[in-house]
Amino acid sequence: MSDPGTIAVGFRGTLGRFRLDARFETPARGVTALFGPSGCGKTTVLRSMAGLQRFADGMCRVNGETWQDGALFRPPHTRPIGYVFQEASLFAHLSVRGNLRFGARGSARSGAGLAFDEVVDLLGLAPLLDRAPRHLSGGERQRVAIGRALLSHPRLLLMDEPLSALDRSSRDEILPFLERLTARLALPVIYVTHDMTEVERLAETLVAMRDGRVQSVGPLRQLQSDPALPFALARDAAVTLDAVVESYDAEYGLATLVEGGLRLVVPCSALPLGQRQRLRIAAADVSLARVPPQGSTILNILPAEILSITPAGEQAMLVVLQPSLNGPTLLARITRLSWKRLDLVPGDQLQALIKSVALAPR
Ligand SMILES: Nc1ncnc2c1ncn2[C@@H]1O[C@H](COP(=O)(O)OP(=O)(O)OP(=O)(O)O)[C@@H](O)[C@H]1O
């Protein structure tokens, strides 16, 4: 038996010349992103979780249930999973409704607690129900494939780069659906991707893989802001926040969002009060000042303490900040020159100037 609240996997073995030795534990809720470069073994881990790939040295426990260990191997059709592949393979002779009904196989509700109509609504499928798959765009096909997987009573949803076969505009169209869906779903999702944008939009937990091994596992934000890991030192480093809408100023089109003690004002269209909203603050969008600037156009200026300063490449320094009103840590990517001029050291109290906060549409 494993801890009921977790998913624990460990697979070891070789496939041709590829050697896999991947083990991790993740909460059995929310989205866990399995992230890494092409060929690092993400799909192989996912296929092993589904029972489609069998390593003799394998272990898979989901929410207190053993699917594989040294003695036991549950075949794929007995595992309560929904599997979404890179390219949707729909039944060509069935309409969208028929494809979805095939997933549901007579059941009114899926294991995720979602009824047929809810899935149709969440994925925006109502206008497509009578269409044949050949008349769907790539993004629409993928939405139907996700709907079909959800309606098959899954207790775990496995998604293998579901957006990678789509063009940029289809990807942008489908991401908000995925965000709404994963925010609404009770069921855990393992989401394979090599795209950090998707991780930042969807995941709560990150499993970073390289060369068949797991390099780091943990809450996304913790890994993003750890200067010992590559994420924080990257040019496009960022932190993600899950904030709640506290108020909305319709006159100026500004929402106030809160997480912990952190309060941010963000220009956007109207948002319902109390809604959870994912925000992204890029390290390159945070500047530092010793004293609060006078007459600035920047909306978010927060007092903060420097936790650490780490070189990030030739010209930049990565500063990890703790806003003094508490809440999540922030990152600032500054030039080496500014670091020297301001003579910054850990423990300094200063002002973080947040030039921009990205808010993903829901
Ligand atoms: N059946 C197999 N026989 C031999 N080698 C295999 C087999 N399946 C996968 N591999 C190899 O295992 C490695 C990992 O493949 P895998 O598809 O799991 O990686 P990935 O991280 O998902 O990459 P991608 O994003 O490109 O799909 C690759 O080098 C692949 O060529």
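**Exercise 1. Determine which residues of helix 5 are buried, and what covers them.**

Solution. The buried residues of helix 5 are Arg-171, Ile-174, Leu-178, Leu-181 and Thr-182, where buried means that 20 or more other C-beta atoms, placed from the backbone, lie within 10 Å of the residue's own, while 12 or fewer make a residue exposed and counts in between make it partly exposed. This is a predicted model, in which local features need pLDDT of at least 70 and side-chain atom pairs count only at pLDDT 80 or more, whereas totals for chains, interfaces and linings use all residues. Residues are numbered from 1 along each chain as its sequence is written. The next step is to look for the cover, which includes strand 3 (31–35), helix 3 (116–122), helix 4 (138–150), strand 8 (189–193) and helix 6 (196–202); contact requires C-beta atoms, placed from the backbone, within 7 Å. Helices (H or I, at least four residues) and strands (E, at least two) are DSSP runs, numbered from the N terminus.

**Exercise 2. Compare the expected span of helix 5 with the distance between its end C-alpha atoms, and locate its bend.**

Solution. The expected span is 1.5 Å times one less than the number of residues, so the 17 residues of helix 5 (residues 168–184) should span 24 Å, and the 25 Å between the end C-alpha atoms agrees with this. The helix nevertheless bends by about 25° at Ile-174, and Pro-176 follows within four residues; the bend is the angle between axes fitted to the seven residues ending at a residue and the seven starting there.

**Exercise 3. Place Asp-211 and Asp-343 in their loops, and decide how exposed each one is.**

Solution. Most residues other than glycine have a negative phi. Asp-211, however, has a positive phi of about 50°, and this residue sits in the loop between strand 9 (205–210) and strand 10 (213–219). Asp-211 counts as partly exposed because it has 14 C-beta neighbours inside 10 Å. For Asp-343, phi is also positive, near 55°, and the loop is the one between helix 9 (336–342) and strand 19 (349–354). With 8 other C-beta atoms within 10 Å, Asp-343 is exposed.

**Exercise 4. Work out whether the protein is as compact as a globular protein of its length.**

Solution. The protein has 9 helices and 20 strands. Its radius of gyration is 22 Å, close to the 21 Å that the globule rule gives for 362 residues, so the protein is as compact as a globular protein of that length; the radius is taken over C-alpha atoms, and the rule is 2.2 Å times the number of residues to the power 0.38.

Definitions and conventions
Contact = placed C-beta atoms within 7 Å.
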